[in-house]
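Good morning, and thank you for the time. I would like to take you through one model, beginning with a single residue and ending with the contact between chains.

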Amino acid sequence: MGNNKKELLSLVACIAFYAIVQGLIMLDIIGPFWELNLILICINVILAVSLNLINGFTGQFSIGHAGFMAVGAYFGAVLTVKLQLPFIVAILGGAAAAGFLGFVIGLPTLRLDGDYLAIATLGLGEIIRITILNIPYVGGASGFMGIPRFSNFTWVFFATVFTVFFIRNFINSTHGRACISIRENQIAAEAMGIDTTKYKVLAFTIGAAFAGIAGTLFSHYFYIAHPASFTFMKSFDILTIVVLGGLGSISGSITAAILLTFVSAALAGYPEWRMIIYSLMLIVLMLYRPQGLFGNKEMSLKIFGRLMGGNKRGNTQGN
Amino acid sequence: MDFSFTQQFIQQLINGVSLGSIYALIALGYTMVYGIIKLINFAHGDIYMVGAYVAFFATTFLKLSFFPALIVSMAVAAALGMTIERLAYRPLRKAPKIAILITAIGVSLLLEYGGMLLVTPQPRTFPALFDTKIFTFGNIVVNSQQVVILAISVVLMIILTYVVQRTKIGKAMRAVSFDTDAAKLMGIDVDRVISITFAIGSALAAAAGMLVGVYYNSIDPLMGIMPGLKAFVAAVLGGIGVIPGAMLGGIIMGVIEAMVSGFISSTFRDAAAFAILIIILLVKPSGLLGKNVREKV
């Protein structure tokens with residue numbers, strides 16, 4: 001019961017936050033530049049939290065998230081531009097398409113472990129992008145142009161809230177615990193009777209579907225879906241957010257998404273220095289905090305005991 | 001029709017082998033580093049770019065000829081590789097693997113955008129270092145660059161094989177790659193071996209960078225991304241961690257790419273590379289020459 005109350009409280013807090021920000025946008029206190037960044041933050045949060053489900057909670061190392069985002073971006077755009085369907089259908093369609101592709105791709109590739117899975121997902125992400133590049137129906141190399149701007153702060157914010165709640169509740173469910181047990185020790189999980197393939201594919205599919213939502217929101221804000229926006233560098237960006245925030249920490253992903261988007265925005269005035277400072281920051285943060293800002297802990301809850309390097313090493317040395 | 005098909009096939013085979021030997025040189029660095037510390041060194045493709053730029057400046061400003069420039073470029077890249085390993089990867093040796101991977105991505109971005117800042121993002125024309133001779137056999141064309149690329153690659157690979165198989169440091173490298181802890185117990189200075197591995201891998205990448213400059217006449221700060229990724233695929237194709245595998249994988253990769261762009265369409269060239277990757281990972285993840293490792297409980 002207490003849990004429900006807490007849930008309700010955080011929902012109210014979200015709505016209050018939304019009301020304040022929306023008010024500020026309407027009063028023009030938050031100008032277009034910061035509104036753009038707010039939207040980018042929300043999209044990055046969706047991407048990071050959904051990737052965290054795959055990488056952080058299920059322990060399956062995927063670096064092809066931009067591919068699923070691209071599928072969502074293009075499929076959603078086809079639905080609104082070519083078929084004239086409403087935006088909500090496009091969002092759901094983008095999610096379904098990306099989720100379906102995630103399922104189809106995940107089924108064979110999730111047999112692979114560790115680095116091999118990473119390489120395979122990287123390759124698949126690129127294959128998706130190159131395939132899109134070669135489809136004239138969606139604009140080919142010059143991109144899908146003329147997408148209406150349906151995304152606004154309201155859509156993006158509530159999609160983000162939905163994503164975070166969905167994935168948090170998923171992780172706290174039986175299925176989520178099965179996923180975490182795969183991360184902790186796949187063989188032990190299997191011995192406990194957990195169908196590891198099923199849960200890996202499930203996590204992968206859900207992660208891909210949310211990446212599709214993020215993609216649809218993305219293309220319907222920037223008027224265009226371009227293959228160059230979904231290269232493996234984009235996947236790395238998302239991965240960076242996840243690792244920086246801490247694998248297996250949703251609040252960490254949110255914090256890191258906000259932090260990195262702000263850093264990126266603050267450096268927008270110095271384009272030639274921007275990526276240099278960004279990359280240096282990345283290296284330095286990893287050198288001094290390899291487990292990410294939050295490790296695998298949540299802001300308030302401490303659900304998950306020990307996993308990440310620092311902790312684990314301490315234990316083994318202690319033994 | 002049939003006649004021209006054979007000819008085009010041979011022509012693409014030749015183009016593919018010379019392109020593939022460049023992939024092989026880059027792939028060697030990936031595979032050696034992976035074999036020894038299990039790190040996908042994403043910055044490797046950018047070291048190849050740095051090698052190309054060093055060679056460019058050595059030939060244009062210092063007016064060096066081909067071989068001195070090659071040696072300068074390899075030496076600078078080796079020093080750079082060792083520095084990167086020392087500053088960015090060594091402190092993280094015991095950290096979670098993904099942290100090192102992110103650091104490698106960071107280093108890669110730093111080299112790319114640092115390069116853009118230092119040498120401007122505009123592509124530069126690589127000077128012609130020797131007269132291009134074109135040999136024709138019937139309708140098949142081979143130019144002297146292709147011959148030079150192949151010759152240099154083969155020589156470097158022979159030297160590498162000798163170093164790894166016949167010298168003391170090579171033995172140490174194999175030992176560390178086989179079992180790091182046991183090697184440490186046998187008195188091998190693991191850090192030094194890793195450092196040297198990075199130096200050798202980077203030097204080979206730099207040589208590849210210079211050869212590409214000579215071949216395509218154009219270099220730019222982002223030139224390392226795609227070849228780096230493809231060389232990595234080549235390393236996986238041959239069996240990551242296996243040195244002859246990287247050479248074989250590189251050549252196969254180059255040939256397939258040349259065939260796809262020659263017979264189908266050059267826009268599918270990159271997709272072909274990744275499709276090979278997926279197929280090999282699903283069918284034989286340990287690669288063509290890799291050994292199967294059983295999962296231990």
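**From one residue to the interface**

Let me begin with A:Thr160, which is placed in helix H6 of chain A, the run of residues 153–171. Please bear in mind throughout that this is a predicted model. Is A:Thr160 buried or exposed? A:Thr160 has 25 C-beta neighbours inside 10 Å, and therefore counts as buried; the threshold for that class is 20 or more. If we set aside neighbours within four places in sequence, the contacts of A:Thr160 are A:Cys42, A:Val45 and A:Ile46. A:Ile39 offers a further reference point: 121 residues separate A:Ile39 from A:Thr160 along the chain, while their C-alpha atoms are 9.9 Å apart.

I turn next to two helices of chain A. Helix H9 of chain A covers residues 196–219 and has the highest mean pLDDT among the elements of the chain, at 94. H9(A) has 24 residues, and from first C-alpha to last it reaches 34 Å, close to the 34 Å expected at 1.5 Å a residue. Of those 24 residues, 21 are buried, so H9(A) is largely enclosed by the rest of the structure.

Helix H5 of chain A, residues 114–133, has 20 residues and spans 29 Å between its first and last C-alpha atoms, close to the expected 28 Å. Why may H5(A) be described as largely enclosed by the rest of the structure? The description follows because 16 of its 20 residues are buried.

H5(A) also brings us to the interface. In the model, 34 residues of chain A are in contact with 33 residues of chain B. On the chain A side, the elements giving two or more residues are H5, helix H10 (232–245), helix H12 (271–288) and helix H13 (309–318). Which of these gives the most? That is H5(A), with eleven residues. Sorted by class, the chain A side that touches chain B comprises 23 nonpolar, seven polar and four charged residues.

A word on confidence is in order. Chain A averages a pLDDT of 85, and 93% of the residues score at least 70. The lowest mean among the elements of chain A belongs to H13(A), at 38. Across residues 301–319 of chain A the pLDDT is below 50, and this stretch has 23 contacts in the model beyond near neighbours in sequence. Where pLDDT is low, the predicted coordinates should not be read in detail. I would recall here that H13(A) is one of the elements listed on the interface side of chain A.

Now to chain B, which has eleven helices and four strands. Along the principal axes, the C-alpha atoms of chain B fill a box of roughly 60 × 50 × 35 Å. The radius of gyration of chain B is 19 Å, which agrees with the value near 19 Å for a compact globule of 297 residues. Of these 297 residues, 53% count as buried. Among contacts in chain B between residues at least 6 apart in sequence, 76% join residues at least 24 apart.

I close with B:Ala206, found in helix H8 of chain B, residues 190–216. B:Ala206 counts as buried because it has 33 C-beta neighbours inside 10 Å. Not counting residues up to four places away in sequence, B:Ala206 touches several residues, including B:Ile47, B:Val54, B:Ser73 and B:Ala77. B:Ile169, by contrast, is 37 residues away in sequence and 21 Å away in space from B:Ala206, C-alpha to C-alpha.

Definitions and conventions: Residues are numbered from 1 along each chain as its sequence is written. Chains are lettered from A and ligands numbered from 1 in the order in which they are written. This is a predicted model: local features need pLDDT of at least 70, side-chain atom pairs count only at pLDDT 80 or more; totals for chains, interfaces and linings use all residues. The expected span of a helix is 1.5 Å times one less than its number of residues. A residue is buried if 20 or more other C-beta atoms lie within 10 Å of its own, exposed if 12 or fewer, and partly exposed in between; C-beta atoms are placed from the backbone. Two residues are in contact if their C-beta atoms, placed from the backbone, lie within 7 Å. Ala, Val, Leu, Ile, Met, Phe, Trp, Tyr, Cys and Pro count as nonpolar, Asp, Glu, Lys and Arg as charged, and the others, Gly among them, as polar. pLDDT is the predictor's confidence in each residue, from 0 to 100. The radius of gyration is taken over C-alpha atoms; the globule rule is 2.2 Å times the number of residues to the power 0.38.
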